[in-house]
Amino acid sequence: MSSLDEERLQAQNKLLIRQRVRLMVNQYEVHAETPDGGEGELLAFAQQKRLAFKEQVTLYSDDSKTRPILGFKARKRIDLASAYDITDAHGQPIGVFRKDFKKSLLASTWHLEQPGLGVTTGTERNKFVAVLRRVWQVIPYVDSLPFAWPYHFDFYAGDQVVFSVEKKFGFRDRYVVEIKDPRLDRRLVIAQAVGLDALQSR
């Protein structure tokens, strides 16, 4: 990732993510937001293999997948409480996120760690929707239905919201990521946002 690309990414305060569904993989497009609220420049492209025993997701600068910019990988195989190490384009660690399995029994809870900033904790804002979404997911054949159930996560550092991830209700998986703390590494935010969807049912 060039210094210019990284500067452009770190300047973003709102990201729009759209999921593509393919036969054996899930793909995610990360866009900047245009002044009118639409999808602008493609900032990152992610790909996740389904049914992988050890979860690993790589994000690239575009859908040609020639230039990786970051990735995340589970430390353990099939572990509901496993941590996911986030690395830069050169494989160097830049952060960690993990699911809080006990707290997630009622409302999904995640912790994101950024060196120098500490731990931010995200949980579903609407607990009723969180429970309803869980009930919906256990209904037979629900995964084959062509629309996405929404969620909204607020990530806190202390008592301040530092970023949020909102999954929109609709026939396509769409997400709005709003960043309120300029100190946040946007690469970590993108990894966590993709992880929320890719790993939510783990």
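Visitor: Before we start, what does "buried" mean here?

Guide: Good place to begin! A residue with over 50% relative accessible area is exposed, and one in between is partly exposed. Buried means under 20% relative accessible area. Keep in mind as we go that this is a predicted model.

Visitor: Then are Glu29 and Arg18 buried or exposed?

Guide: The side chains of Glu29 and Arg18 meet in a salt bridge, at 2.8 Å from N to O. Glu29 lies in strand 2 (residues 25–33) and Arg18 in strand 1 (residues 14–21), so the pair ties together parts that are 11 residues apart in sequence. As for cover, both Glu29 and Arg18 are buried.

Visitor: Which residues are linked with Glu29 and Arg18 in a network of salt bridges?

Guide: The structure holds 11 salt bridges, and some of them join up into a network. Besides Arg18 and Glu29, that network takes in Arg20, Glu39 and Asp63.

Visitor: How far apart in sequence are Asp85 and Arg75?

Guide: Asp85 and Arg75 form a salt bridge, with their closest N and O atoms 2.9 Å apart. Asp85 sits in strand 6 (residues 83–88), while Arg75 is in the loop between strand 5 and strand 6. The pair links distant parts of the chain, and the separation is 10 residues.

Visitor: Why does Arg75 count as partly exposed?

Guide: Partly exposed covers the range between the buried limit of 20% and the exposed limit of 50%. Its partner Asp85 falls there, with a relative accessible area of 27%. Arg75 falls there too, because its relative accessible area is 46%.

Visitor: Which helix gives the most to the largest nonpolar core?

Guide: That core has 40 residues, and those with the most contacts inside it are Leu59, Phe72, Ile86, Phe97, Phe163, Val177 and Val194. Eight residues come from the helix that gives the most, residues 186–198, which is helix 3.

Visitor: What span should helix 3 have?

Guide: Helix 3 is mostly covered, with 13 of its 13 residues buried. The expected span is 1.5 Å times one less than the number of residues. The end C-alpha atoms of helix 3 agree with the expectation for its 13 residues, because both values are 18 Å.

Visitor: Which residues is Val177 in contact with, leaving aside neighbours within four places in sequence?

Guide: Val177 is one of the core residues with the most contacts inside the core. Its contacts beyond those neighbours include Asn13, Lys14, Leu15 and Ile17. They also include Ser164, Val165, Val189 and Ala193.

Visitor: What is phi of Lys65 near?

Guide: Most residues other than glycine have a negative phi. Lys65 lies in the loop between strand 4 (56–60) and strand 5 (68–74), and at 36% relative accessibility it counts as partly exposed. Its phi is a positive value, near 60°.

Visitor: Which residues make the nonpolar surface patch of about 330 Å²?

Guide: One member lies in the loop between strand 7 (93–99) and strand 8 (109–114), and that is Phe101. With a relative accessible area of 36%, Phe101 is partly exposed, and it passes the 30% limit for patches. The patch is made by Phe101, Leu105 and Leu106.

Visitor: Looking at the whole chain, what percentage of its residues are buried?

Guide: The secondary structure comes to three helices and 12 strands. The accessible surface is about 10,800 Å², of which 55% belongs to carbon and sulfur atoms. Of the 202 residues in the chain, the buried share is 47%.

Notes: Residues are numbered from 1 along each chain as its sequence is written. This is a predicted model: local features need pLDDT of at least 70, side-chain atom pairs count only at pLDDT 80 or more; totals for chains, interfaces and linings use all residues. Side-chain values use heavy atoms; hydrogens and water are left out. Patches are made of residues with over 30% relative accessible area and no salt bridge: like charges are joined within 9 Å, nonpolar side chains (Val, Leu, Ile, Met, Phe, Trp, Tyr) within 5 Å. Accessible areas come from the Shrake-Rupley method with a 1.4 Å probe; for residues, only the protein chains shown count as cover. A salt bridge is a side-chain nitrogen of Lys or Arg within 4 Å of a carboxyl oxygen of Asp or Glu. Helices (H or I, at least four residues) and strands (E, at least two) are DSSP runs, numbered from the N terminus. Buried means under 20% relative accessible area, exposed over 50%, partly exposed in between (1.4 Å probe, protein chains only). A nonpolar core is a set of buried Ala, Val, Leu, Ile, Met, Phe, Trp, Tyr and Cys residues joined through side-chain atoms within 4.5 Å. Contact means heavy atoms within 4.5 Å.
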